[in-house]
Amino acid sequence: MPDGVKADEKNYSPWVDPNGGSAGYFSTGWVMLTDSTVKYYAQVGWLEYSGSNRIIFTEVGGPTNFYRTPYSPQPINSTSTVEVSWDPGTLQRFKFYVNGSIIGGENRLAGFTPGEAQISGETYSTATQMAGGYSGTHYQSWENERVWYPSTPGGNWHYFNENWNTAFDFTKSALFGQSNYPSPYLDSQYIWDTACPN
C-alpha cells in the first residue's frame with residue numbers, strides 16, 4: 001500500500017470553456033492517493049477555471065462530497081514538485097507539499113487507507129482542453145514520478161509503476177493522448193489534447 005506519491009509537475013495553462021457559468025468548467029493536473037475502490041481520494045496539483053483563473057489546490061473527496069482548498073498558483077510553464085502523503089498516526093492524516101514545503105493538511109474523509117497512487121489530468125467536459133498540446137514541447141508533463149512504500153526497511157521512494165489500462169480512459173483515445181514519451185524514461189508521463197497544438 002502506498003503512503004505517498006509525488007512528481008515534478010508542469011504548470012500548464014489550458015484553454016477552458018468560458019460557457020461554464022456556475023458549473024465552473026476547469027482543467028487540472030494532479031497527483032493523488034486513493035483507496036482501492038477509487039471512491040475516496042486525496043490530491044494536490046494545479047487547476048484552471050475559465051478566464052485564466054488559476055490555483056494550486058488540495059482536495060479530499062468521497063462518493064458524495066469533496067473539500068477543495070485553494071492556494072496561490074505557480075508560474076505558468078514552471079515545474080513544481082507536488083506531493084501528498086498519508087500518516088495515520090497524526091491529526092492531519094493527509095499532508096500536501098509543493099516544492100518540498102507543506103502547504104496544508106486534511107483530516108476530513110481521512111478514514112480510508114490508500115490502496116493506490118495516481119498521476120493524471122482531467123477536464124470538466126470535452127469542450128475544455130485537456131492539459132497539454134499535441135506538439136511535443138507543449139505536453140503536460142510529470143517527471144521523477146515516485147511512490148512511497150513503507151513496507152521496505154524504513155520506507156523508501158520507488159519508481160512509479162505506470163499502469164496505462166487504469167490510468168487512462170481509452171474510450172477517449174481519439175480526444176486525448178498519454179505516453180511515457182520520450183522512451184525509455186519510465187518515471188515520466190505526458191498527456192495532451194489531440195485537438196490543440198499548444
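Biologist: Before we get to the sheet, when do two strands pair here?

Modeller: This is a predicted model, by the way. Two strands pair if DSSP finds at least two bridges between them. So the cut-off to keep in mind is at least two bridges.

Biologist: Good. In what order do the five strands of the open sheet come?

Modeller: The sheet is open and its pairing is antiparallel. Strand E5 (66-71) and strand E9 (116-123) each pair on one side only, which puts them at the edges. Neighbouring strands are turned by 20° against each other on average, direction ignored. Reading across, the order is E5-E4-E3-E2-E9.

Biologist: Which residue in E3 is the bridge partner of Gly29?

Modeller: Look at strand E2 (residues 26-34) and strand E3 (residues 41-49), which run antiparallel and are joined by nine bridges. In E3, the partner of Gly29 is Trp46.

Biologist: Now the rings. How far apart, centre to centre, are Tyr139 and Trp192?

Modeller: The structure holds seven aromatic pairs. Tyr139 with Trp192 is a stacked one, with 25° between the planes, since under 30 degrees counts as stacked. Tyr139 comes from the loop between E9 and strand E10 (140-149) and Trp192 from strand E13 (residues 189-193), 53 residues apart, and both are buried. Centre to centre, the rings are at 4.6 Å.

Biologist: Which residue has its charged end over the ring of Phe57?

Modeller: Start from the cluster that ring pairs make of Tyr25, Phe26 and Tyr124. Over the face of Phe26, at 5.7 Å from the ring centre, lies an arginine, Arg68. The charged end over Phe57, 5.8 Å from that ring's centre, also belongs to Arg68.

Biologist: Is Gln178 buried or exposed?

Modeller: Gln178 is in strand E12 (residues 176-179), and its side chain makes a polar contact of 2.2 Å with that of Gln189. Its relative accessibility is 14%, and the cut-off is under 20%, so Gln178 counts as buried.

Biologist: What about backbone oddities: where is Ser52, and what is its phi?

Modeller: Most residues other than glycine have a negative phi. Ser52 is in the loop between E3 and strand E4 (53-61), and it is exposed because its relative accessible area is 56%. Although not a glycine, Ser52 has a positive phi of about 60°.

Biologist: And how accessible is Asn99?

Modeller: Asn99 sits in the loop between strand E7 (94-98) and strand E8 (101-106). Asn99 has a positive phi too, about 55°, without being a glycine. Its relative accessibility is 44%, so Asn99 counts as partly exposed.

Methods: Residues numbered from 1 in each chain as written. Predicted model: local features only at pLDDT ≥ 70, side-chain atom pairs only at ≥ 80, totals over all residues. Heavy atoms only, no water. Helix = DSSP H or I, 4+ residues; strand = E, 2+ residues; numbered from the N terminus. Buried < 20%, exposed > 50% of the residue type's maximum accessible area, 1.4 Å probe, protein only. Polar contact = N/O pair within 3.5 Å; in protein donor to acceptor, adjacent residues only side chain to side chain. Axes fitted to C-alpha atoms, helices over the stretch in contact; angles between N-to-C directions. Phe/Tyr/Trp six-rings, centres within 6.5 Å; stacked < 30°, edge-to-face > 60°. Lys NZ or Arg CZ within 6 Å of the ring centre and 35° of its normal.
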